[in-house]
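This report walks through one protein chain, from a surface patch to its cores and charged pairs. Keep the structure in view while reading.

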Amino acid sequence: METTLRPYKLSDVDDFMEWSSDDEVINRTRLRRFTTREDALSYLKEVVIPRPWCRAICLDGKPIGFIAFKPWDSANNRCRGTISYALGSKYWGKGIVTKAVKMAVPIVFKEFPDIERVEGLVDVDNKASQRVLEKAGFQKEATLRKYLILHGKTIDVFVFSLLPTDLMARVS
Ligand SMILES: CC(C)(COP(=O)(O)OP(=O)(O)OC[C@H]1O[C@@H](n2cnc3c(N)ncnc32)[C@H](O)[C@@H]1OP(=O)(O)O)[C@@H](O)C(=O)NCCC(=O)NCCS
């Protein structure tokens, strides 16, 4: 089975709905639940496709999740940005998102020349996501207390980071 990344298209709406209406995914992310095809279609058109960098994670060509990078937009923070991802729950535990992160990070450094640091912010209870970042070579740096609101609950997160020099260390 081959994992690839590519931009989302409007014609992906049915595959997009498969994972974006999956409670296992929604409960662990700040995504809202999509209940109608029209709702999902306008979200793809107005939010997902215009994002600075967002790719469908595809398994043998079928979109089964997403990986995104959001650079900070203010001049003084342009050296960094945040990575995020999610995958339909029936595909969990097969190494797919680790592979997607490893593919995405070098592309991000190439496409955003100002970026010197890719960050991941992960719920302290989300062990699978922490493990993904560790396996992709990120370093765990700190705990940010009461940092994000996830479905109405304020949570503590771990901040992870990866620099281009970490990537070079990974290759050598
Ligand atoms: C987190 C998520 C992206 C992981 O994707 P995935 O493709 O299943 O990840 P991988 O298979 O590459 O790696 C998962 C790792 O976590 C480990 N893991 C899974 N559940 C775990 C748990 N409860 N405790 C400890 N480790 C766990 C797996 O064993 C695996 O590590 P290993 O290879 O050392 O055995 C996926 O579960 C998901 O989409 N979750 C919902 C959305 C989400 O949490 N997004 C991130 C928000 S910060």
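The model is predicted. Start with Ile49, which is partly exposed at a relative accessible area of 38%. Ile49 sits in the loop between helix 3 (37–48) and strand 2 (53–59). Together with Leu10 and Leu41, Ile49 makes a nonpolar surface patch of about 210 Å².

**Annotated span.** An unreviewed UniProt entry places the feature "domain: N-acetyltransferase" at residues 3–156. That span is 32% helix and 34% strand. Its end C-alpha atoms lie 31 Å apart.

**Cores.** In soluble globular proteins, nonpolar side chains tend to be buried together. The largest nonpolar core here has 32 residues. Within this core, Ile67, Ile83, Val101 and Phe138 touch the most other members. Elements giving two or more residues to the core include strand 2, strand 3, strand 4, helix 4 (96–111) and strand 5 (117–123). Helix 5 (127–135) and strand 7 (153–162) are also among them. Helix 4 gives the largest share, eight residues. A separate core of 19 residues lies apart from this one, with Phe16, Trp19, Phe34 and Leu44 among its members.

What does Val101 touch, not counting residues up to four places away in sequence? Its contacts are Ile67, Ile83, Tyr85, Val132, Ala136 and Phe138.

**Helix 1.** Helix 1 covers residues 13–20. Its buried residues are Val13, Phe16, Met17, Trp19 and Ser20. Their cover includes helix 2 (23–26), helix 3, strand 3 (62–71) and strand 4 (80–87).

**Two buried strand residues.** Arg55 lies in strand 2. Is Arg55 buried or exposed? Arg55 has a relative accessible area of 17%, under the 20% cut-off, so Arg55 counts as buried. Leaving out residues up to four places away in sequence, Arg55 touches Leu5, Arg6, Pro7, Tyr8, Gly65, Phe66, Ile67 and Glu111.

Ala68 belongs to strand 3. Ala68 is buried, with a relative accessible area of 5%. Beyond its neighbours within four places in sequence, Ala68 is in contact with Arg51, Trp53, Cys54, Thr82, Ile83 and Ser84. Ala68 and Gly88 are 20 residues apart in sequence, and their C-alpha atoms are 15 Å apart in space.

**Salt bridges.** The structure holds 14 salt bridges. Three of them are tabulated below.

| Acid | Base | N to O distance |
|---|---|---|
| Asp12 | Arg6 | 2.9 Å |
| Asp15 | Lys62 | 2.7 Å |
| Glu18 | Lys90 | 4.0 Å |

Take the Asp12 pair. Asp12 counts as buried at 4% relative accessibility, whereas Arg6 is partly exposed at 22%.

In the next pair, Asp15 and Lys62 meet in a salt bridge. This pair links distant parts of the chain: Asp15 is in helix 1 and Lys62 in strand 3, 47 residues apart. Asp15 is partly exposed, with a relative accessible area of 21%. Lys62 is also partly exposed, at 26%.

Then comes the salt bridge of Glu18 with Lys90. Glu18 lies in helix 1 and Lys90 in the loop between strand 4 and helix 4, so this pair ties together parts that are 72 residues apart in sequence. Glu18 is partly exposed at 42% relative accessibility. Lys90 is exposed, with a relative accessible area of 58%. Through shared partners, salt bridges join Asp15, Glu18, Lys62 and Lys90 into one network.

Key:
Residues numbered from 1 in each chain as written. Predicted model: local features only at pLDDT ≥ 70, side-chain atom pairs only at ≥ 80, totals over all residues. Heavy atoms only, no water. Patch = residues over 30% accessible without salt bridge, like charges linked within 9 Å, V, L, I, M, F, W, Y side chains within 5 Å. Areas by Shrake-Rupley, 256 points an atom, 1.4 Å probe, with all protein chains shown as cover. Salt bridge = Lys/Arg side-chain N within 4 Å of Asp/Glu carboxyl O. Helix = DSSP H or I, 4+ residues; strand = E, 2+ residues; numbered from the N terminus. Buried < 20%, exposed > 50% of the residue type's maximum accessible area, 1.4 Å probe, protein only. UniProt positions renumbered as here; feature names shortened; annotations may be inferred. Contact = heavy atoms within 4.5 Å. Core = buried A, V, L, I, M, F, W, Y, C linked by side-chain atoms within 4.5 Å.
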